[in-house]
Each structure stands twice: as C-alpha cells, then as structure tokens.
Amino acid sequence: MAQKTKKSKGKTQNFYDTIADVHNLMMKVNGYRDSVAKYLRSLELNLDSKSLVLDAGSGTGIVTLGFYSAGFQPKKTFALDLSFKSLKVSQEQFEKDKKTDETNICAVQGNVLRLPFADGTFDLVLTCGVLEYVSLDKGLKEFARVLKKDAKLVLIPVKPSMVGSVLEILYNFKTHPVEKVEKISQRYFEIVGNYKFPLGEPIGWSKMIFLLQKK
Ligand SMILES: C[S@@+](CC[C@H](N)C(=O)[O-])C[C@H]1O[C@@H](n2cnc3c(N)ncnc32)[C@H](O)[C@@H]1O
C-alpha cells in the first residue's frame, strides 16, 4: 500500500514537472489570480509583519500571486509543492512580479501529507486543487496540525461539476463531494465561510471556497 502511494506520488510529480509551463500559461490567461485576490481582500485575516503563510500545493504560484495582489505583507510565505519544475516556474513569476516580494517567499519541495513544519507554525494556509490527489481526511488533518489555533485555512477545492469532470480526466485527480468536504472539515475546523465565485469569473466554473478556522 505504501509503495502504491509512493508510486502515484511520483506519477503526479512527473506529470506536473512535464506540464508546468502549459499549466502556468493557462493560469495566467484565465484570471484566477484576480479572482483569488478579490476574495482574499474581502476577508479579515489579521495578518501582520510577523505572520507565516503556507500555500500548500502551490503549483506555478497563482494563489501566492493572488495573495500578494491582495496587498498582504506577511513575514514569510512558503510555497510548497511536489513538482520541482512547478516550483521553479513559480519562483520566476515571483521574481518578475512587482506586487510580490520574492525575497519573503520560500519555495519548498514537499508532500502536503507530510509537511516539513512544526505543529502550530502558520497564521494562514491557502490551498487550491491539491487535496483532490490525496485523502481528504489526512490532508485536512495535516493542515490543521501546522496551523495555529483559530488560524484560517482558505480551501479552494475543485467542485464536482461538468468542468470538474473534464479536469478530473485532464489532471488525473478525483473531486471530493461537497458534503464530504463539509463533514470532514468539521473534524478539525469550524466552517466560517462558504464562497461561490461568480460564474462570470472562469475560476467559478470549477472551484469554490471554504473558509475554515482551526478549532
Ligand atoms: C491542479 S494543480 C494546482 C496548483 C495551484 N495550487 C493552482 O491553483 O494553480 C495541483 C498541484 O498539486 C501538486 N500536488 C499533487 N499532490 C501533491 C502532494 N501530495 N503534495 C504536494 N503537492 C502535490 C501538483 O504537483 C500540482 O502542482
């Protein structure tokens, strides 16, 4: 079983190493960054210059870029992903981008199920489109472990939908039913928000947001 998990992790990593440039281009043209920024700006996240933030399954960096577009200036943001190539592309984006302080972003190659951080490290975890590759319970439990008490998790899952089904085939993942996300989230978090992106924004065709607060 452990070997099977290791094999599928390697497959996912190779897949994203191969498609990182194309994925990045798609993310750039579809307006995800602005949609994420608009949503994050609407929240009271109580972050300051001492805060630590994690983008878990950061890919080519679109959520981190959205976070910086929203104007936040934490002490440090960790962008963590399995795919080395995606991390490399994300670093290039951070360096080029005027709104993003790349000197405060640390790219880390790692697995969301075994985060290389101590318990209660983070003031905020952002995650988009990665729990679809792993056990929802294990992923949420691990995010809760590294968050401080009462800190927030901005969970942006792929919603079960027609577009979601196409993405399942293209990206080789499995969406989690909304009721399951709600049920399992409540083992570790209080659900404090449930946001639907406007359908006029492409991100709204495939994603939704749960705002969770660590119990
Ligand atoms: C659909 S992409 C989303 C990337 C980014 N969050 C975004 O919204 O563009 C999924 C990402 O999750 C990463 N991933 C998949 N399984 C992972 C795991 N177990 N640990 C860390 N990253 C993982 C992949 O390498 C890929 O970059």
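## Close-up views of a predicted model

**View 1. Strands E4 and E5 lie side by side in this predicted model.** E4 and E5 run parallel, joined by six bridges. If you would like one pair to look for, take Val125, whose bridge partner in E5 is Leu153. Together with helix H5, these two strands make a β-α-β unit, and the unit is right-handed. On to E5 itself, which spans residues 147–156. Seven of its 10 residues are buried, so E5 is largely enclosed by the rest of the structure.

**View 2. Strand E5 also pairs with strand E7.** Here the sense is antiparallel, and four bridges hold the pairing, with E7 covering residues 209–214. A handy place to start is Lys152, whose bridge partner in E7 is Gln213.

**View 3. Strand E1 pairs with E2 and with E4.** E1 is made up of residues 52–56, and four of the five are buried, so this strand is largely enclosed by the rest of the structure. Its pairing with E2 (residues 76–81) is parallel and has five bridges. From E1 the chain passes through helix H3 (residues 62–69) before it reaches E2, a β-α-β crossover that is right-handed. E1 and E4 (residues 122–128) are parallel too, with four bridges between them. Val53 is a good residue to follow in this view: its bridge partner is Thr77 in E2 and Leu124 in E4. As a general reminder while you look along the strands, side chains in a regular strand alternate between the two faces of the sheet.

**View 4. The largest nonpolar core holds 47 residues.** Which of them touch the most other members? They are Leu54, Phe122, Val125, Leu126, Phe143, Leu147 and Leu153. E5 gives the largest share of this core, six residues. Phe122 makes a friendly guide here: leaving aside residues up to four places away in sequence, it touches Leu52, Val53, Leu54, Val146, Leu147, Lys148 and Ala151.

**View 5. A shell of 22 residues surrounds the ligand.** The ones that come nearest are Tyr16, Gly57, Gly59, Cys128 and Gly129. Two elements, helix H1 (2–29) and H3, give two or more residues to this shell. H1 provides the largest share, four residues. Sorted by class, the shell has 12 nonpolar residues, eight polar ones and two charged ones.

**View 6. Glu142 is a buried residue in helix H5.** H5 runs over residues 136–146. Why does Glu142 count as buried? It has 21 C-beta neighbours inside 10 Å, and the buried class begins at 20. Not counting residues up to four places away in sequence, Glu142 touches Val112, Leu113 and Leu115. Take Leu113 from that set: it is 29 residues from Glu142 in sequence, yet their C-alpha atoms are 6.1 Å apart in space.

**View 7. Leu47 sits in the loop between H2 and E1.** With 19 other C-beta atoms within 10 Å, Leu47 is partly exposed. Its contacts, not counting residues up to four places away in sequence, are Phe72, Pro74, Asp123 and Leu124. For a sense of scale, Leu47 and Met208 are 161 residues apart in sequence and 23 Å apart in space, C-alpha to C-alpha.

**View 8. Two asparagines, Asn46 and Asn172, have a positive phi.** Most residues other than glycine have a negative phi. Asn46 has a phi of about 50° although it is not a glycine. Asn46 lies in the loop between helix H2 (32–41) and E1, and it counts as exposed because it has 11 C-beta neighbours inside 10 Å. Asn172, also not a glycine, has a phi of about 60°. You will find Asn172 in the loop between helix H6 (162–171) and helix H7 (178–188). With 13 C-beta neighbours inside 10 Å, Asn172 counts as partly exposed.

**View 9. Lys99 is in the loop between helix H4 and strand E3.** The loop is flanked by H4 at residues 84–96 and E3 at 105–109. Is Lys99 buried or partly exposed? It is partly exposed, with 13 other C-beta atoms within 10 Å. Leaving aside neighbours within four places in sequence, Lys99 is in contact with Tyr68 and Ser69. Asp48 lies 51 residues from Lys99 in sequence and 17 Å from it in space, C-alpha to C-alpha.

Definitions and conventions
Residues numbered from 1 in each chain as written. Predicted model: local features only at pLDDT ≥ 70, side-chain atom pairs only at ≥ 80, totals over all residues. Buried ≥ 20, exposed ≤ 12 C-beta atoms within 10 Å, placed from the backbone. Pairing = 2+ DSSP bridges. Right-handed = clockwise from strand over helix to strand, strands pointing away. Near = placed C-beta within 6 Å. Nonpolar A, V, L, I, M, F, W, Y, C, P; charged D, E, K, R; others polar. Core = buried A, V, L, I, M, F, W, Y, C linked by C-beta atoms within 7 Å. Contact = placed C-beta atoms within 7 Å.
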